[in-house]
Every structure is written in C-alpha cells, then in structure tokens.
Amino acid sequence: MSTVHETAALLPDPAQLRAHLRALAVLDATIGDDPRFCCSTFDATWAPAQRLP
C-alpha cells in the first residue's frame, strides 16, 4: 500500500495535470447527455489565473 506522498509523486506537474483535467472536462460535457451528471465544466473565456473555488 502506498502513502499519499508516494501517490502524489506519481502525478504529472501541475500545468500538465491541469491540461489533462481540462480535456476531461470537455469530454465530460461533450459526451454526457444529462447536465445533472456533468461533474466538470470548461469555459474557454476564463482567464489563465482564474480557478474554481
């Protein structure tokens, strides 16, 4: 069993992880039929420093 530190070390750097998560948000919004089950959103007009709370 690995620790949280070992698991975190396996993650890509924050910029690459952010890009992957944005891609997943686009796929989720595109493939998902029902907005109630869409867990992520992506808005291309967000500023680079803007984050979800």
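This passage describes the fold, the exposure and a surface patch of a predicted protein model.

Residues are numbered from 1 along each chain as its sequence is written, and side-chain values use heavy atoms, with hydrogens and water left out. Because the model is predicted, local features need pLDDT of at least 70 and side-chain atom pairs count only at pLDDT 80 or more, while totals for chains, interfaces and linings use all residues.

The protein holds two helices and zero strands (DSSP runs numbered from the N terminus, with H or I of at least four residues for helices and E of at least two for strands). Of its 53 residues, 2% are buried (under 20% relative accessible area, against over 50% for exposed and in between for partly exposed, with a 1.4 Å probe and protein chains only). The protein exposes about 4900 Å² (Shrake-Rupley method, 1.4 Å probe; for residues, only the protein chains shown count as cover), and carbon and sulfur atoms supply 66% of this area.

Helix H2 spans residues 14-31 and includes Leu21. Leu21 is partly exposed, at a relative accessible area of 48%. Together with Leu24, Leu27 and Ile31, Leu21 forms a nonpolar surface patch with about 410 Å² of accessible area.

Arg22 also has its place in helix H2 and is partly exposed, at 36% relative accessible area. From Arg22 to Ala44 the C-alpha to C-alpha distance is 10.0 Å, with the two 22 residues apart in sequence.

Notes:
Patches are made of residues with over 30% relative accessible area and no salt bridge: like charges are joined within 9 Å, nonpolar side chains (Val, Leu, Ile, Met, Phe, Trp, Tyr) within 5 Å. A salt bridge is a side-chain nitrogen of Lys or Arg within 4 Å of a carboxyl oxygen of Asp or Glu.
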